[in-house]
Amino acid sequence: MDIFDKLKKGVFLCSLFLQFASGFYLPGSFPHKYYVDDQLSVKVNSLTSIDTELPYGYYSLPFCKPLEGVKDSAENLGELLMGDRIENSPYKFKMHVNETELFLCQTNTSSADESKVLKERIDEMYQVNLNLDNLPAIRYMNKDGFSLRWTGYPVGIKVKDVYYAFNHLKFTVLVHKYEKSNTVPGVIGAGDGVELITTDDKSVTDKPSYMVVGFEVVPCSFQHNVDLLKNLKPYGKYPAPINCEPATVAAVIQDGKPLVFSYEVNFVESDIKWPSRWDAYLKMEGAKVHWFSILNSMMVITFLAGIVLVIFLRTIRRDLARYEELDKEAQAQINEELSGWKLLVGDAFRVPDNSELLSMMVADGCRILGMALVTILFAALGFMSPASRGTLITGMLLFYMFLGIIAGYVAVWLKKTMSAGNTNGWFSIAWRVSCFFPGIAFLILTILNFLLWGSHSTGAIPFTTYIVLLLLWFCISMPLTLIGGFIGTKAPHHEYPCRSNQIPREIPANRFPTWVLVIGAGTLPFGTLFIELFFIMSSIWLGRVYYVFGFLLVVLILLVVVCAEVSLVLTYMHLCMEDWRWWWKSFFASGSVAIYIFFYSVNYLVFDLKSLSGPVSAMLYLGYSLLMALAVMLATGAIGFLTSLFFVHRLFSSVKID
């Protein structure tokens, strides 16, 4: 009877889940429902440019301000680190109410400095970023027969050394009629408010409601008649028709001449479903090239690396088989004739120089790799979609902190392994690994932040955010790293299969420096990700939305495999050349991909960001590129080193040692 009751309960819960399944949305992606005449508030982000990463406040230019005053919206840590500053704007709509020729305000550019700043922003191609119901304003334009998509609209335009302002905006709001079962709870949003309700009230369901599924803007430059503005209040109707075309310009920016701003809004019912409203932003030009190029790279790199790996494994297996078939006397006789890795039994596990530094770098690399895997996985599942601004950066930061336990464990475990089980000084190395990469990143960010402060950029990290970052570092990341280090002292270390001789073996002279092979090995991992790197760079620096996290996860897994294979092959080659200093070289064999990533960043700066304005923007770009390359070096280097460590241990464990 008890089993029967449990089955009935399970069936009931399953039916309840299926009933509510249609109303399930991922965090940060629930729909807002608006009734006709409900107020819609447009928000504004910082001014940004495709040519420079120095964002400026929207109200730093002579634009209209809201009547209720400028108010900041709540921002998460990721938004603050990315330089997002969300504020209310003067643009207001009423749901499903078309309005034209709305007068907004009249501003003055009385001083030469105000006009100069406005013209500079036009030269630097700054964009105004508006968003409605969490949807950025998108602008369509045709160029050379192609339809281009941009988020935001330019401040103005320069034509034959004359500057014009875009002072009239044509908004198009795409809406989809809300339809839902009476028994399923829904979300209603009026303005900025959101409320959970049940739609079993007939008075509620009979009233039509809509969801915002698109937000488009067309900027125009229109010369208003100042004489017609007398006694005209904001949001009043301009007394004359505004026939404004994007191809024509008229509002000249001159010292002492006022600028008049106006707008119009048109609501269009659309067949676009609410879950698909981000498709217009996520659609990437050249998608076929993107997919087939990456797939081709993965297949070629995997095939070549697999063949090389199989060849060396078969060679090693054959050598071991021949060596183990000999008796002890025969082995003693041929010891003098042996060459290659079999002569390094007494030197292969000699403790390398700066072993603690190597342990810290490998440990932090494991943490960065774990952070990347978990973050990309969650993003691929939709928990860090572009609809939730700042969640990607916030997630990366939190995952990095909580994975400090892995960094502490790996650092102490490696030190214990290199010290043949000695755990003295574990606290010191765990403490230092908690400060190693975070300290470098904090130093770079501080230098870049001083440059941003000096440039009066809104992208500068506020002082309060600095305090939050320090608290997260010292109150969460560091204690977790120390806990991981303590756990590492209790874990069994990797015992070496042979002892190291007191006197190191002399390394034969080579025809060319072995570091050439190490640096050249980075080209193979770079070949797996350079195409994907182009799309990531375009997303970061050109304002495009990156969304193919599922494919990025596949590329990351392939990168891990290739780095392991490359480092293994290079380590075996060094051992065959009787070079027992494989520790650092195995790390940099795969970690050298960071060199090519940084060079690619410089190439991207020169050829794709040609009009980057000012040395501050260039320093900002290079600083972030250096930080990214350093993180990649630690992650890929950790993969290569750990693979080589287990490979060398397994290799010499197969040799009969007397």
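Strand E7 (residues 130-132) pairs with E8 in the antiparallel sense, and two bridges hold that pairing. This is a predicted model, and the briefing below walks through its strands, its one disulfide and the packing of helix H8 against helix H10. Welcome aboard!

**The four-stranded sheet**
- Within the pairing of E7 and E8, Leu132 has Leu135 of E8 standing opposite.
- Both strands belong to an open sheet of four, ordered E4-E2-E7-E8, with antiparallel pairing.
- The edges of this sheet are strand E4 (87-94) and strand E8 (135-136), each of which pairs on one side only.

**The hairpin of E12 and E13**
- Strand E12 (residues 156-159) and strand E13 (residues 162-165) run antiparallel and are joined by four bridges.
- Opposite Gly156 you will find Ala165 in E13.
- Two residues lie between the strands of this hairpin, and Lys160 takes a positive phi near 55°.

**The disulfide**
- The structure has one disulfide, formed by Cys64 and Cys105 with their sulfur atoms 1.7 Å apart.
- Cys64 sits in the loop between strand E3 (48-49) and helix H2 (77-82), while Cys105 is in strand E5 (residues 99-107), so the bond ties together parts that are 41 residues apart in sequence.
- For those who like torsions: the value about the S-S bond of Cys64 and Cys105 is about -90°, so this disulfide is left-handed.

**Helix H8 against helix H10**
- Helix H8 (residues 355-380) packs with helix H10 (residues 404-418) at an angle of about 150°, and their axes are 8 Å apart.
- That angle makes H8 roughly antiparallel to H10, because angles over 145 degrees count as roughly antiparallel.
- The crossing of H8 and H10 is right-handed.
- On the H8 side, the contact is made by Ser355, Glu356, Leu358, Ser359, Val362, Ala363, Cys366 and Arg367.
- On the H10 side, the contributors are Gly404, Ile406, Ala407, Val410, Ala411, Leu414, Lys415 and Met418.
- Sorted by character, the residues in this contact of H8 with H10 comprise 10 nonpolar, three polar and three charged.

Note on methods: Residues are numbered from 1 along each chain as its sequence is written. This is a predicted model: local features need pLDDT of at least 70, side-chain atom pairs count only at pLDDT 80 or more; totals for chains, interfaces and linings use all residues. Side-chain values use heavy atoms; hydrogens and water are left out. Axes are lines fitted to C-alpha atoms, for helices over the stretch in contact, and angles run from 0 to 180 degrees between N-to-C directions. Angles under 35 degrees count as roughly parallel, over 145 as roughly antiparallel, 65 to 115 as roughly perpendicular and the rest as oblique. A crossing is left-handed if the near helix is turned anticlockwise from the far one by less than a right angle, and right-handed if clockwise. Contact means heavy atoms within 4.5 Å. Ala, Val, Leu, Ile, Met, Phe, Trp, Tyr, Cys and Pro count as nonpolar, Asp, Glu, Lys and Arg as charged, and the others, Gly among them, as polar. Two strands pair if DSSP finds at least two bridges between them. A disulfide is a pair of cysteine sulfur atoms within 2.5 Å.
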